[in-house]
Amino acid sequence: MGATPTAQATSTLTRPAALWCELGDWQGTPTDPALRPPPFSRPLPRPEVRSGPSVELQVLRAQAQILDGPATPVLAYDGQFPGPTIHARVGQELSLRLHAGEEEDAVLHLHGAHVPAVHDGHVNDVVPVGGSRTYTYANSQPAATLWYHDHLLMRTGPRVYSGLSGAYLLLDPGEVDLGLPVGDERDVELLITDRTFADDGSLVYDGGPGRPAVGDVVLVNGADRPRLDVAAGLVRLRLANVCNARGLRVGRADGMPLMQVATDGGLLGAPVDRASIELWPAERAEVLLDLSGADVGTRVVLADTAGGGNLLAIDVVDAPGGGAAPDVRLPPLADLPPPEVVRTITLDADGPRFLLAGHGFDPDVRDVYARLGAVERWQLVNTTSSSHPMHLHLVSFLVRSRSTSSGGPLALRPEDEGWKDTVLVRPFETVAVDARFADHEGDFMYHCHVLEHEDHDMMSQFRVVDLARVAGRTRVETAAAIVAGLPDPVGLVVVADGEDWRSALAGAALADALLLVSGTTLDPTVRDELVRRPPAQVVVVGDAVTEEVVDALAQLAPTRRVAAADPVATAAAVALDLAGQASTAVLATDRVFADALAAGLLGLPVLLTDPEVLSDAAADALQQLGVTQVVVAGGTAAVSPAVEASLVDAGLAVIRVAGADRTATAAAFTRRAGLDPTVWAASADRFPDALGAAVAARRTGGTLVLVGDSGVSSATAGVLIDAATRRIRIAGGEAAVTLVAEAALAAHIQLPPG
Ligand code: C2O
Ligand code: CU
Ligand code: CU
């Protein structure tokens with residue numbers, strides 16, 4: 001960038017068809033030119049700066065003096081249009097408390113932020129009218145120009161148009177070492193948006209399905225063609241298109257280039273000279289304007305050559321002398337490995353509405369289940385004759401390719417460079433973007449950022465699912481690893497022999513944690529876990545555990561053994577010892593264990609019986625416990641009709657929980673236990689891993705599914721879908737839950753339900 005000639009903006013700029021093909025014939029009444037202030041007569045408004053650790057914003061009605069004439073009623077954050085500029089620092093948490101105001105529910109989304117789903121401002125997650133809530137932002141992502149805006153379902157367009165947006169600058173003081181201007185004087189946010197004004201000064205919103213809201217006056221920081229006074233030197237301009245629908249092409253009116261240094265997600269790998277930069281709604285670009293050595297009186301005009309006309313005059317009002325040419329060095333751009341998954345998302349139309357993946361917004365539908373940490377390629381296939389700036393929440397992505405509908409390659413746009421969160425998809429074009437779905441599980445939205453397209457109905461969701469294995473080299477170690485992940489405190493730990501599933505089952509249902517032991521000495525992983533978090537008491541179930549081990553346990557915590565003549569009697573003794581009284585108990589067979597595993601989820605005493613005849617020990621225990629209702633675990637092959645009949649004869653209410661097979665039975669228990677985002681997956685055949693998982697699921701309010709060696713049954717699949725699965729923990733190593741089964745779980749969560 002060389003010397004800076006003075007430019008008077010005189011160009012009359014017309015709206016090129018290419019950017020506007022979807023707008024059709026705009027029929028509104030234009031803003032009366034007499035109401036507009038003379039060009040460059042007003043100073044550029046600088047929104048009030050707010051910084052952390054905590055910021056409050058309230059949705060308020062206010063009057064903004066935008067015109068030379070009547071004031072304009074706005075609905076804006078703290079009544080300011082645009083809202084206050086929030087300054088955040090990389091790596092420093094900031095919390096934002098939003099007050100919804102008295103008119104309507106509100107949702108605040110920090111656009112471009114990498115945050116947990118609960119703080120992302122999902123449309124399903126409203127702040128009720130009159131209420132407030134706090135969003136927390138970790139700011140653990142590269143410095144970038146972000147912005148915040150309202151995201152109320154089907155009302156985002158009108159609410160943002162009425163004034164609900166503002167800048168959020170994620171700053172990194174280290175950028176000064178890169179030669180980049182920092183500090184308010186030389187680092188200036190420019191929120192560019194468009195509005196149409198009625199003669200009484202009010203905003204005219206005429207957006208709706210198939211009608212993007214376009215204003216005929218383009219504003220910068222809420223002002224019509226303002227003027228920015230600067231001292232000579234390098235100036236950093238953070239351009240943000242915060243229009244509802246208008247595409248911009250921003251450049252210097254004199255045609256000299258701007259040096260682009262950053263895009264949506266932060267810095268580029270190197271500065272690039274650009275004659276102009278296309279910015280579609282929600283896109284950002286940071287540019288440097290080299291006014292070093294410029295004389296007082298120098299004026300540079302920024303204009304939107306796509307039809308908005310002049311935007312801003314930048315006047316040099318002070319020339320402190322000197323002025324070295326800028327020396328900007330940007331660190332190389334990070335890259336991504338090749339994608340593990342390639343998906344196709346269609347952008348469709350249905351009459352005046354636009355759709356994603358063939359449907360409108362449905363809070364219960366997700367098009368994509370992405371595995372946490374995975375790199376995915378999304379091919380955005382535009383089947384419509386409109387342009388759509390597509391935005392993904394949660395991630396920044398790299399634009400990899402563009403092609404025609406017949407697959408012919410197209411050149412990338414200059415604006416595609418760097419880490420983006422919004423990308424233009426032109427009519428009948430396919431754009432491939434790569435992203436890593438890291439750090440946060442849960443539901444996130446993606447949508448077109450033409451807000452009237454988004455509202456009607458071009459928005460959908462993806463879910464990021466965290467799938468990981470909890471395992472040791474043996475089932476003893478696996479049980480300990482599961483316990484290690486349980487929340488504090490651990491009151492009662494049941495210890496059972498690693499080979500004796502019946503003891504484990506009977507005790508686990510009432511315990512806070514299940515540990516398994518093997519051999520004649522206390523296994524080191526079990527000891528470590530007990531030393532790390534000594535429980536209030538340890539109960540050893542059954543007599544398979546040796547005296548040596550019981551003695552070793554007693555050194556670490558109060559320990560006793562509960563055992564009787566056989567496993568059935570032991571289960572009865574455990575129920576009486578640990579529960580004492582219970583109106584409901586679970587009855588399972590002492591033979592076909594797996595049906596009973598998920599019964600541990602209920603937290604009820606589990607009694608065992610011979611499958612063909614109600615065992616005496618079980619019958620006695622039912623009476624002593626005071627049970628009036630029995631949950632029979634498993635189908636008639638597990639517990640026969642004869643056993644059920646004797647329960648009924650004894651005056652007990654019987655509920656049988658069973659499915660077609662053991663995985664289906666587990667699924668049925670899971671449904672009774674209540675559904676939670678965490679699903680534990682365990683082997684249907686290698687019981688003790690599953691028992692520990694059942695305890696873990698119960699402790700954390702999660703669910704348990706059983707998987708076979710070769711995959712996921714339809715019953716399990718049903719649970720995975722209905723349980724709103726966000727996190728899957730696989731209990732056990734590859735010998736327990738095979739890699740094939742793990743792949744089936746992963747593949748399953750990557751399929752859209754239906
Ligand atoms: Cu600015 Cu859902 O986005
Ligand atoms: Cu966003
Ligand atoms: Cu669109």
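## A buried asparagine in a loop

At 1% relative accessibility, Asn 221 counts as buried, because buried means under 20% relative accessible area. Asn 221 belongs to the loop between β11 (217-220) and β12 (223-224). The model described here is predicted.

The backbone of Asn 221 also deserves attention: its phi is near 50°, a positive value in a residue other than glycine. Most residues other than glycine have a negative phi. Asn 221 appears once again below, among the residues that line a cavity.

## The protein as a whole

The protein holds 15 helices and 44 strands. Of its 754 residues, 58% are buried. The area that the protein exposes is about 26200 Å², and carbon and sulfur atoms supply 52% of this area.

Contacts can also be sorted by the separation of their residues along the sequence. Among contacts between residues at least 6 apart in sequence, 75% join residues at least 24 apart.

## The copper ion with three donors

Which residues coordinate the copper ion (ligand 3)? His 388 through ND1, Cys 448 through SG and His 453 through ND1 do so, at 2.0 to 2.1 Å. The spacing of these donor residues in sequence is H-x59-C-x4-H. The pair His 388 and Cys 448 links distant parts of the chain: His 388 is in strand β26 (residues 388-392), Cys 448 is in strand β32 (residues 442-448), and 60 residues separate them.

Are His 388 and Cys 448 buried or exposed? Both residues are buried.

## The copper ion with two donors

For the copper ion (ligand 2), the protein donors are His 109 and His 391, each through NE2, lying 1.9 Å from the ion. This pair, too, links distant parts of the chain, with His 109 in strand β6 (residues 108-111) and His 391 in strand β26, 282 residues apart. Both His 109 and His 391 are buried.

Strand β26 thus appears at both sites: it holds His 388, a donor to ligand 3, and His 391, a donor to ligand 2.

## The largest pocket

Rolling a probe the size of a water molecule over the atoms shows where empty space is left. In this model, the largest pocket contains about 520 Å³ of space. It is lined by 24 residues, and the closest to its centre are Gln 141, Pro 142, Gly 265, Ser 396 and Trp 419.

Which strand gives the largest share of the lining of this pocket? Strand β17 (residues 266-274) does, with three residues. By class, the lining of the pocket divides into 14 nonpolar, six polar and four charged residues.

## Cavities

The count of cavities of 30 Å³ or more comes to five. The second largest cavity has a volume of about 40 Å³. Its lining consists of Phe 81, Pro 82, Ser 165, Leu 191, Thr 193, Arg 195, Asn 221, Gly 222 and Val 242. Asn 221, the buried residue of the opening section, is therefore one of the lining residues of this cavity.

Strand β10 (residues 187-195) supplies the largest share of the lining of the second largest cavity, namely three residues. Sorted by class, the lining of this cavity has four nonpolar, four polar and one charged residues.

## Backbone features in other loops

Asn 139 has a phi near 55°, a positive value in a residue other than glycine. Its place is in the loop between β7 (132-137) and β8 (144-150). Asn 139 counts as buried because its relative accessibility is 4%, and buried means under 20%.

Most peptide bonds are trans. The peptide bond from Gly 52 to Pro 53, however, is cis, with omega near 5°, and Pro 53 lies in the loop between β1 (49-51) and β2 (54-64). The peptide bond from His 456 to Asp 457 is also cis, with omega near 25°. Asp 457 is found in the loop between α3 (451-455) and β33 (459-470).

## A partly exposed proline

Pro 173 lies in the loop between β9 (165-171) and β10. At 44% relative accessibility, Pro 173 counts as partly exposed, because the value falls between the limits of 20% and 50%. Pro 173 and Gly 183 are ten residues apart along the chain, and their C-alpha atoms are separated by 9.1 Å.

Key:
Residues are numbered from 1 along each chain as its sequence is written. Chains are lettered from A and ligands numbered from 1 in the order in which they are written. This is a predicted model: local features need pLDDT of at least 70, side-chain atom pairs count only at pLDDT 80 or more; totals for chains, interfaces and linings use all residues. Side-chain values use heavy atoms; hydrogens and water are left out. Donors are N, O and S atoms within 2.8 Å of the metal (3.2 Å for Na, K and Ca); water is not among the atoms, so sites may look incomplete. Helices (H or I, at least four residues) and strands (E, at least two) are DSSP runs, numbered from the N terminus. Buried means under 20% relative accessible area, exposed over 50%, partly exposed in between (1.4 Å probe, protein chains only). On a 1 Å grid over the protein atoms alone, a cavity is a set of points where a 1.4 Å probe fits but cannot get out, and a pocket is an open set with protein on both sides within 12 Å along at least five of seven lines; lining residues have an atom within 4 Å of a point. Grid points are joined across faces, edges and corners, and a volume is the space filled by probe spheres set on the points. Ala, Val, Leu, Ile, Met, Phe, Trp, Tyr, Cys and Pro count as nonpolar, Asp, Glu, Lys and Arg as charged, and the others, Gly among them, as polar. Contact means heavy atoms within 4.5 Å. Accessible areas come from the Shrake-Rupley method with a 1.4 Å probe; for residues, only the protein chains shown count as cover.
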